[in-house]
Amino acid sequence: MSLLQWEDRFSVGMDRFDRQHHVLVDLINELHESMREGKGQQELGSILEKLIQYTRVHFASEEEWMVQYQYPGYARHQASHESLTRQVLEFQRQYQDGTIGLSVQMIHFLKEWLVNHILGEDKAYAGFFQAGRSK
Ligand SMILES: [Fe+2]
């Protein structure tokens, strides 16, 4: 079974962002699977890199939408994106240094990192989007 199953409660009600969140869930599961299969550092590192690159694309895409629709929580959301990016880059740096290994604990950190992002701040913009659509 995958580490992280998509749940309806993750939906932000916008296809584009739900699809992107799905990709992030898939990448975390892929990382977890590869770790369990005992894949080497190079392979794990490249999945982690993919996860980080896609996170950047996703955050940029959300921010672009927020600017376009003058989302009032934009500044806060952007600051949160920056802090999430910093956390994951720090994690990657330590992994590349060999300071830390990819462990179940680390995968759980990434899982929480993603779920908190979707269920926390992203849900707030979902409400804003729904309110705008029902006007
Ligand atoms: Fe998001």
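# Exercises on a predicted helical model

Gln70 lies in the loop between α2 and α3 (74–97). Helices here are DSSP runs (H or I, at least four residues), numbered from the N terminus. The model is predicted: local features need pLDDT of at least 70, side-chain atom pairs count only at pLDDT 80 or more, and totals for chains, interfaces and linings use all residues. Residue numbers start from 1 along each chain as its sequence is written.

**Exercise 1.** Determine what is notable about the phi of Gln70, and decide whether Gln70 is buried or exposed.

*Solution.*
- Step 1. Most residues other than glycine have a negative phi.
- Step 2. Gln70 is not a glycine, yet its phi is positive, about 50 degrees.
- Step 3. Apply the burial cut-offs: buried means 20 or more other C-beta atoms within 10 Å, exposed 12 or fewer, partly exposed in between, with C-beta atoms placed from the backbone.
- Step 4. Gln70 has 8 C-beta neighbours inside 10 Å, so it counts as exposed.

**Exercise 2.** Classify the packing of α1 and α2.

*Solution.*
- Step 1. Fit axes to C-alpha atoms over the stretch in contact; angles run from 0 to 180 degrees between N-to-C directions.
- Step 2. Helix α1 (residues 15–36) and helix α2 (residues 41–68) pack at about 165 degrees, and their axes are 10 Å apart.
- Step 3. Therefore α1 is roughly antiparallel to α2. The classes are: under 35 degrees roughly parallel, over 145 roughly antiparallel, 65 to 115 roughly perpendicular, the rest oblique.

**Exercise 3.** Do the same for α2 and α3.

*Solution.*
- Step 1. Their axes come within 11 Å and cross at roughly 170 degrees.
- Step 2. α2 and α3 are therefore roughly antiparallel to each other.
- Step 3. The contact (C-beta atoms, placed from the backbone, within 7 Å) includes Leu48, Ile52 and Phe59 of α2 and Val88 and Leu89 of α3.

**Exercise 4.** Which residues make up the largest nonpolar core?

*Solution.*
- Step 1. A nonpolar core is a set of buried Ala, Val, Leu, Ile, Met, Phe, Trp, Tyr and Cys residues joined through C-beta atoms within 7 Å.
- Step 2. The nine residues are Val25, Leu27, Ile28, Leu31, Leu48, Leu51, Leu110, Leu114 and Ile118.
- Step 3. α1, α2 and α4 (104–134) each supply at least two of them. The largest share, four residues, comes from α1.
- Step 4. Leu114 touches Leu24, Val25 and Ile28, leaving out residues up to four places away in sequence.

**Exercise 5.** Locate Gln130 and find its separation from Gln105.

*Solution.*
- Step 1. Gln130 sits in helix α4.
- Step 2. Gln130 is exposed, with 12 other C-beta atoms within 10 Å.
- Step 3. Gln105 is 25 residues away along the chain, and the two C-alpha atoms are 36 Å apart.

Technical notes:
Helices (H or I, at least four residues) and strands (E, at least two) are DSSP runs, numbered from the N terminus. Two residues are in contact if their C-beta atoms, placed from the backbone, lie within 7 Å.
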